[in-house]
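Q: Please set out the reasoning behind the terms applied to this model.

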Amino acid sequence: MDPQNDILRLGLFGGTFDPIHRGHVDVGEAVRAHFALHRICLIPAAQPPHKHTLTAAADRLAMARLAVKGRPGWEVSDVELRRAGPSYTIDTVAHFKRRSPPRARLFFLLGSDAFLEFNTWKAYSTLIREVALIVLARGGCDEPSSAAFVDRIQRFMTRHFPPGFRWDADTGAFIHPETYPVYLFDGPRLAISASEIRRRIARGDDGRPWLDPAVADYIERKGLYR
Ligand code: ATP
């Protein structure tokens with residue numbers, strides 16, 4: 001809880017996490033500090049609507065748990081594994097809203113690559129009325145300058161979001177009178193992706209520079225991605 005006003009600030013970080021890597025945890029840690037979040041909850045998707053995964057959800061959940069074991073301010077939820085059918089964020093956000101205190105502030109973290117497909121997410125125009133978004137700049141994907149990054153996100157929002165959003169440089173967010181803010185976070189840009197890690201492991205590399213050691217051990221023990 002926030003020592004000043006007792007309002008829970010919770011980050012929800014959904015993803016395939018196939019595998020979870022330093023890009024997720026290090027950028028998430030920077031977000032946690034910047035937005036003064038009490039906790040970030042990793043939520044591995046059971047059936048990601050937009051991605052094909054070969055790795056069992058139980059393995060991806062186990063790796064997420066290992067990556068944040070003993071790390072203060074982090075937790076892992078298996079809510080999407082306990083639900084049948086595609087793992088839609090709108091359902092997951094509803095779950096967390098139901099079980100959070102009434103005045104809790106919820107933030108959903110997603111990388112810019114995911115945000116730039118946001119118009120394909122189920123009920124996305126309802127989702128922005130349910131939860132604040134934090135869009136993460138990604139190393140290797142985004143424009144080199146912060147201004148160009150903001151510009152690209154703005155162009156996407158102009159095409160796909162309801163009219164009326166305006167950029168507020170003080171809060172670092174696009175704001176709208178009827179939705180939650182869409183924050184942009186241009187923190188440590190880490191050019192790490194799960195697909196690149198999978199490719200490297202398939203070629204015989206161990207991926208350790210980008211992985212928590214316990215996750216790397218798990219991958220080796222289970223023979224994943226070979
Ligand atoms: P893949 O390479 O298979 O697409 P990924 O590395 O993007 O995987 P996901 O599990 O799909 O990993 O990512 C979960 C969320 O974290 C997504 O919103 C994604 O955009 C974001 N994300 C992943 N890697 C980074 C990174 N290095 N920096 C910022 N955000 C990231």
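Q: What makes the approach of leucine 190 to the ligand a polar contact?
A: A backbone N or O atom of leucine 190 lies 2.9 Å from a nitrogen atom of the ligand. A polar contact is a pair of N or O atoms within 3.5 Å (within protein, one must be able to donate a hydrogen and the other to accept it, and residues adjacent in sequence count only if both atoms are side-chain atoms), so this pair qualifies. The model is predicted: local features need pLDDT of at least 70 and side-chain atom pairs pLDDT 80 or more, whereas totals for chains, interfaces and linings use all residues. Residues are numbered from 1 along each chain as its sequence is written, and side-chain values use heavy atoms, with hydrogens and water left out.

Q: Which atoms of phenylalanine 17 and serine 195 lie close enough to the ligand to count in the same way?
A: For phenylalanine 17, a backbone N or O atom lies 2.7 Å from a ligand oxygen atom. For serine 195, a polar side-chain atom lies 2.6 Å from an oxygen atom of the ligand. The protein covers 92% of the 600 Å² of accessible area that the ligand has on its own (Shrake-Rupley method, 1.4 Å probe; for residues, only the protein chains shown count as cover).

Q: How many residues surround the ligand, and what makes a residue near?
A: A residue is near if one of its heavy atoms lies within 4 Å. The ligand is surrounded by 23 residues, the closest being Phe17, Lys51, Asp113, Ala194 and Ser195.

Q: How is the shell around the ligand divided by residue class?
A: It holds 10 nonpolar, 9 polar and 4 charged residues. Here Ala, Val, Leu, Ile, Met, Phe, Trp, Tyr, Cys and Pro count as nonpolar, Asp, Glu, Lys and Arg as charged, and the others, Gly among them, as polar.

Q: What is notable about phi of phenylalanine 17?
A: Its phi is near 50 degrees, a positive value in a residue other than glycine. Most residues other than glycine have a negative phi, and most peptide bonds are trans.

Q: Which peptide bond is called cis, and what is its omega?
A: The bond from aspartate 18 to proline 19 is cis, with omega near 5 degrees.

Q: Why is the chain called as compact as a globular protein of its length?
A: The radius of gyration, taken over C-alpha atoms, is 17 Å. The globule rule (2.2 Å times the number of residues to the power 0.38) gives 17 Å for 226 residues, so the description holds.
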